[in-house]
Amino acid sequence: FTVLDGDSITVSTEEIFAFYFRVTDEVGNYSFFNSDGAIIDKTQVALTVTPAQDDDSIYGAAGGNTVAIEIAVTEQLGIGDIYSGIKSVEYWIVKDGIAEDPIKIYTYSIENPAYDELETEVTDTINISKAQYNSCDVEVFVKAIDNAGNETVESVKLDIDNTAPDIKVDYSGKGNKHRTATITITERSAH
């Protein structure tokens with residue numbers, strides 16, 4: 001029990017707590033008040049972003065029309081096994097230096113949850129279209145935020161080449177003798 005000589009209380013360590021107040025007037029009348037509880041969480045969530053890997057990490061026409069990206073978010077236990085729960089997870093794609101708008105893949109929506117209702121794990125798979133993101137300069141960013149506002153961002157770079165090489169054959173000379181064939185192969189990008 002602490003007697004306050006001011007109007008504020010500071011809590012700086014990671015913990016779960018509730019405030020209980022006893023207010024006494026000058027003649028000894030008193031009342032009790034309490035908070036519903038609070039959580040101090042300073043620990044970021046763990047976030048992994050894992051693409052399906054081809055042997056050479058270049059995603060071509062083989063293996064389907066998309067590149068699957070596995071996302072796993074885990075609420076890390078802070079000091080005293082304290083956590084505030086995962087609030088949101090979103091991703092965005094940057095292709096050739098141009099960022100797209102973020103897309104939410106998870107949003108916590110329970111109002112005034114009990115501690116055991118807080119979300120501690122979120123997993124999802126996003127599929128990146130090879131046709132739409134046909135570039136050697138693609139980066140997928142994922143951001144996870146917990147209910148305390150701790151933010152973690154991870155990214156993975158992708159080299160997507162969904163374009164077949166262009167092959168041209170030119171013949172010089174006429175007739176059946178002494179003709180020269182020139183073969184030109186054009187590849188969209190240098191990996």
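Colleague: Where does E90 lie?
Modeller: E90 lies in strand 8. A strand here is a DSSP run of E with at least two residues, numbered from the N terminus. One thing first: this is a predicted model, where local features need pLDDT of at least 70, side-chain atom pairs count only at pLDDT 80 or more, and totals for chains, interfaces and linings use all residues. Residues are numbered from 1 along each chain as its sequence is written, and side-chain values use heavy atoms, with hydrogens and water left out.

Colleague: Why does E90 count as buried?
Modeller: Its relative accessibility is 11%. Buried means under 20% relative accessible area, exposed over 50%, partly exposed in between (1.4 Å probe, protein chains only). So E90, at 11%, falls in the buried class.

Colleague: What does E90 touch?
Modeller: Residues up to four places away in sequence are not counted. E90 then touches P102, I103, K104, I105, F141, V142 and K143. Touching is contact, meaning heavy atoms within 4.5 Å.

Colleague: What makes E90 and K104 a salt bridge?
Modeller: Their closest N and O atoms are 3.7 Å apart. The rule asks for a side-chain nitrogen of Lys or Arg within 4 Å of a carboxyl oxygen of Asp or Glu. The pair therefore meets the rule. It links distant parts of the chain, with E90 in strand 8, K104 in strand 10, and their positions 14 residues apart.

Colleague: Why is K104 called partly exposed?
Modeller: K104 has a relative accessible area of 49%. That lies in between the two limits, so K104 is partly exposed.

Colleague: What is the N to O distance between E90 and K143?
Modeller: It is 3.5 Å, and their side chains meet in a salt bridge. This pair also links distant parts of the chain: K143 is in strand 12, 53 residues apart from E90. Both E90 and K143 are buried. The count comes to two salt bridges, and they link E90, K104 and K143 in a network.

Colleague: Which members of the largest nonpolar core touch the most others?
Modeller: I69, I71, V73, V89, I128, V140 and L158, out of 27 residues. Strands 5, 7, 8, 11, 12 and 13 each supply at least two residues of this core. Such a core is a set of buried Ala, Val, Leu, Ile, Met, Phe, Trp, Tyr and Cys residues joined through side-chain atoms within 4.5 Å. Contacts of I71 beyond four places in sequence include L47, V89, I105 and V142.

Colleague: In what order do the three strands of the open sheet stand?
Modeller: The order is 5-7-11, with antiparallel pairing. Strands 5 and 11 are the edges, because each has a single partner strand, leaving one side without a neighbour in the sheet. Neighbouring strands are turned by 15° against each other on average, direction ignored.

Colleague: How many bridges join strand 5 and strand 7?
Modeller: Six, in the antiparallel sense. Two strands pair if DSSP finds at least two bridges between them, so these two qualify. A46 stands opposite T74 in strand 7.

Colleague: What is the phi of D96?
Modeller: It is near 55°, a positive value in a residue other than glycine. Most residues other than glycine have a negative phi. D96 is found in the loop between strand 8 and strand 9.

Colleague: Why is N112 called exposed?
Modeller: Its relative accessibility is 75%. That is over 50%, so N112 counts as exposed. N112 has a positive phi too, near 50°, and is found in the loop between strand 10 and strand 11.

Technical notes. Helices (H or I, at least four residues) and strands (E, at least two) are DSSP runs, numbered from the N terminus. Axes are lines fitted to C-alpha atoms, for helices over the stretch in contact, and angles run from 0 to 180 degrees between N-to-C directions.
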